[in-house]
Amino acid sequence: MTWRASVLTLFPAMFPGPLGLSLAGRALETGAWSLDVGNIRDFAADRHRTVDDTPFGGGAGMVLRPDIVDAAVASVDDGRPLVCLTPRGRRLAQADVRRFAAAPGVVLLCGRYEGIDQRVIDARFMEEISIGDYVLSGGELAALVLLDATVRLLPGVMGSADSAAEESFSAGLLEYPQYTRPAEWQGRRVPEVLLSGHHGAVAAWRQAEAERITRERRPDLWAAFASPEHAASAAS
Ligand code: SAH
């Protein structure tokens, strides 16, 4: 079964956008995943195709109406994870990305303006996801980020399954630094151990570097990695 993404947006022209290129684009062409994009405006009921209204309680901007958004969601809701992109959501992490990749697909709802009436988010039990602590003008770029991260984990999309297993976050650590030819560039030599051909020594160096970089740059990840629960689950 093809992994299927459905996106609901007021700006369908933003898709597939960057996902039409490179690995994701090729995988879209070969059918490793599929993308359908619904225009929320198609579900408006009036002559002017109105989708939003002013916020109850006052304040700036416009809010997407729950009845219109619900009709749009109903057109694609089939039990796949239903995600609303919002800065108020839980921050997207690689564990979520793995979960989405393992599901039959996802439905992504992109807000605009001041956002979406909370009642439809609650009524449909949507997962509220944020891509970071900043405010975008719409959910479309956030949906593209979520899809990019997810699609590259689908079978047959990335060249080698090993790259996914080794990269940042997969073991709770940031990745070790990477080097390629030339072995010396502007007086800087590649770490000698990488030229040694000694696989055990290379693996040990990479593990040590991953731990050092995580400890230095991301104390939050390091604390979780070094915690007793993690040590227990890594051992089992
Ligand atoms: N008034 C809202 C922001 C609305 S931004 C607030 O202060 O919380 C408009 C839309 O952009 C949102 O509905 C959401 O779909 C999207 N968006 C903005 N920032 C985002 C982020 N960090 N992650 C995911 N979606 C985001």
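The exercises below work through the ligand site, the domains and some backbone features of a predicted model.

Residues are numbered from 1 along each chain as its sequence is written. In this predicted model local features need pLDDT of at least 70 and side-chain atom pairs count only at pLDDT 80 or more, while totals for chains, interfaces and linings use all residues, and side-chain values use heavy atoms, with hydrogens and water left out.

**Exercise 1. Identify the residues that come nearest to the ligand, and describe the polar contacts to the backbone.**

Solution. Begin with the shell, in which a residue counts as near if one of its heavy atoms lies within 4 Å of the molecule. There are 20 residues around the ligand, and L85, G111, E114, Y134 and L136 come nearest. Next, take the polar contacts, each being a pair of N or O atoms within 3.5 Å. A nitrogen atom of the ligand lies 2.9 Å from a polar backbone atom of L136, and a nitrogen atom is 3.1 Å from a polar backbone atom of I131. For G138, a polar backbone atom is 3.4 Å from an oxygen atom of the ligand. Finally, consider cover: of the 560 Å² of accessible area (Shrake-Rupley method, 1.4 Å probe) that the ligand has on its own, the protein covers 86%.

**Exercise 2. Determine which elements supply the shell around the ligand, and classify its residues.**

Solution. Start from the strands, which are DSSP runs of E with at least two residues, just as helices are runs of H or I with at least four. Two or more residues of the shell are given by each of β5 (82-91) and β7 (127-130), and the largest share, 4 residues, comes from β5. Then sort the shell by residue class, where Gly counts as polar and Tyr as nonpolar: the division is 9 nonpolar, 8 polar and 3 charged.

**Exercise 3. Give the domain bounds and locate the cis peptide bonds and the positive phi value.**

Solution. By an automatic or database assignment, the protein has domain 1 (3-151) and domain 2 (166-235), whose C-alpha centres lie 35 Å apart. Turning to the backbone, a cis peptide bond with omega of about -5° joins F15 and P16, and P16 is in the loop between β1 (3-9) and α1 (22-30). A cis peptide bond also joins R181 and P182, with omega of about 0°, and P182 is found in the loop between α6 (161-166) and β8 (184-185). Last, R49, a residue other than glycine, has a positive phi near 55°, and R49 lies in the loop between β2 (33-39) and β3 (52-53).

Technical notes
Polar contact = N/O pair within 3.5 Å; in protein donor to acceptor, adjacent residues only side chain to side chain.
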